[in-house]
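Work through the exercises below with the sequence and the model side by side. Each task is followed by a solution in steps.

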Amino acid sequence: MATQADAQELAALRTLSASIGLNPHMTQAAGGNTSLKAGDTLWIKASGTWLRDALSDDIMVPVAMAPLLKAVEERDPTADTPQAFAIDELNPRGLRPSIETTVHALMPQRVVLHVHCVDTISLAVQADAEAEVARRLGGIEWAYVPYCRPGLPLARGIAEKLRPGVDVLILGNHGLVVAAETVTEAERLLHRVRSLLARPARATAAPDIAALAALADGSVYRLPADIEAHAVALDEESRRMAEAGSLYPDHVIFLGQGSVVAKPGENAAGVAARLGTAPVAILFPGAGVLMRGDASAGADAMQRCLADVTARVDGAARLNYLTTAENDELVNWDAEQYRQKLNATGG
């Protein structure tokens, strides 16, 4: 770090990052990232690491900001591989910077927080997202950025929308970015925006654990890690939204495209036989959710996120789903394959 003040801010950022990472309504698994600019260096969360581990593990990576911004401006594909800009002598573990490093570098403020807040996502997937956010965020300098693949495409999308004074970004089908000059101010702004975008979740019945145990019998399936994950199978509107496609990138990365819903009378083994493959998760209407036995901790976190997001979406709203091309782009992207590899090892 350049100064003692920078070191103190980085320590404060790590504390806030861990707090954010422990709140599943704020971010999930390896999703979300935080950063601090110290002189010409951008300290940002490493790809594949979990914010909740910010105090127990060294998850921040130093990046040379000036050459990265030049690459973004020149549309240099190298900007999509932020590890090329990591400062090796300050990165002894060789961690890769977040795949969204360019987002943080573009924001002029010193502290940037990017979260996959379920309230924000529930709005950001609706076709009327921009109008609905405008109704809620009066008095705040914000900008709406339509969906772009994370990385250089998203950086370009943000660059087109940024204007002086903007410190909040709503990312279509993705999440929320807030920025400020200090960690304290960024935290305050984050909580303010979250409270303004908050939406109640539709209530659901309890899952039928006994029925799920019977449906899993003779298969590789198990109950999800969080009981809240079942809600997407217990609410008809949520189930309809989930079955219709993928709503945001991390769903595709951790769970695959869309959601699989069992047909009447099918058990887990029957669903796998019908599809010719065992999906990461299966929704059983009226009973709950089963996860494949080898599903990662990230997959469990994202299955709960799906339930939390869809329960908050307006049932009458038209939704924007990721296209087939956008799904394929995420699955075949080297940066995401790297993050998946880390996640599979428990990262």
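The exercises use a predicted model and cover salt bridges, a helix pair, nonpolar cores and one buried leucine.

**Exercise 1. A salt bridge within one helix**

Task: Find the partner of Glu132 in a salt bridge and state how Glu132 and the partner are placed in the helix.

Solution:
- Step 1. The partner is Arg135, with the closest N and O atoms 2.6 Å apart. The cut-off for a salt bridge is 4 Å, so this pair qualifies.
- Step 2. Both residues belong to helix H5, which covers residues 129-136. Their spacing of 3 residues is about one turn of the helix.
- Step 3. Glu132 has a relative accessible area of 15% and is therefore buried. Arg135, at 60%, counts as exposed.

**Exercise 2. A salt bridge between distant parts of the chain**

Task: Locate the two ends of the salt bridge between Glu237 and Arg202 and classify their exposure.

Solution:
- Step 1. The two side chains meet at 3.3 Å, N to O.
- Step 2. Glu237 sits in helix H10 (residues 236-243), while Arg202 is in the loop between helix H7 (183-197) and helix H8 (209-216). With these positions 35 residues apart, the pair links distant parts of the chain.
- Step 3. Glu237 has a relative accessible area of 31% and is partly exposed. Arg202 is also partly exposed, at 22%; the class begins where buried ends, at 20%.

**Exercise 3. A salt-bridge network**

Task: Describe the salt bridge of Arg304 with Asp308 and name the network that includes both residues.

Solution:
- Step 1. The N to O distance is 3.1 Å.
- Step 2. Arg304 and Asp308 are 4 residues apart in helix H13 (residues 297-310), so about one helical turn separates them.
- Step 3. Arg304 and Asp308 are both buried.
- Step 4. Through salt bridges with shared partners, Asp226, Glu228, Arg304 and Asp308 form one network.
- Step 5. For context, the whole structure has 18 salt bridges.

**Exercise 4. Two helices in contact**

Task: Determine whether H1 and H7 are roughly parallel or antiparallel, and list the residues that meet.

Solution:
- Step 1. The axes of helix H1 (residues 4-21) and H7 come within 9 Å and cross at roughly 25°.
- Step 2. Angles under 35 degrees count as roughly parallel, and H1 and H7 are therefore roughly parallel to each other.
- Step 3. On the H1 side are Glu9, Ala12, Leu13, Leu16 and Ile20; on the H7 side are Val183, Glu187 and Leu190.
- Step 4. Sorted by class, this contact has 6 nonpolar, no polar and 2 charged residues.

**Exercise 5. The nonpolar cores**

Task: Which residues have the most contacts inside the largest nonpolar core, and which element supplies its largest share?

Solution:
- Step 1. The core has 39 residues, and Tyr248 and Met291 have the most contacts inside it.
- Step 2. Elements that each supply at least two residues include helix H4 (118-124), strand S10 (281-284) and strand S11 (288-292). The largest share, 7 residues, comes from H13.
- Step 3. Beyond its neighbours within four places in sequence, Tyr248 contacts residues including Ile121, Asn173, Met302 and Leu322.
- Step 4. Another core, of 36 residues, lies apart from this one, with Ala18, Leu137, Leu176 and Ala186 among them.

**Exercise 6. The surroundings of Leu234**

Task: Is Leu234 buried or exposed, and which residues does Leu234 contact?

Solution:
- Step 1. Leu234, in helix H9, has a relative accessible area of 17% and is buried.
- Step 2. Leaving aside neighbours within four places in sequence, its contacts include Thr204, Pro207, Arg239 and Gly286.
- Step 3. Ala206 is another of these contacts. The C-alpha atoms of Leu234 and Ala206 are 7.9 Å apart, although 28 residues separate them along the chain.

Technical notes
Residues are numbered from 1 along each chain as its sequence is written. This is a predicted model: local features need pLDDT of at least 70, side-chain atom pairs count only at pLDDT 80 or more; totals for chains, interfaces and linings use all residues. Side-chain values use heavy atoms; hydrogens and water are left out. Buried means under 20% relative accessible area, exposed over 50%, partly exposed in between (1.4 Å probe, protein chains only). Axes are lines fitted to C-alpha atoms, for helices over the stretch in contact, and angles run from 0 to 180 degrees between N-to-C directions. Angles under 35 degrees count as roughly parallel, over 145 as roughly antiparallel, 65 to 115 as roughly perpendicular and the rest as oblique. Contact means heavy atoms within 4.5 Å. Ala, Val, Leu, Ile, Met, Phe, Trp, Tyr, Cys and Pro count as nonpolar, Asp, Glu, Lys and Arg as charged, and the others, Gly among them, as polar. A nonpolar core is a set of buried Ala, Val, Leu, Ile, Met, Phe, Trp, Tyr and Cys residues joined through side-chain atoms within 4.5 Å.
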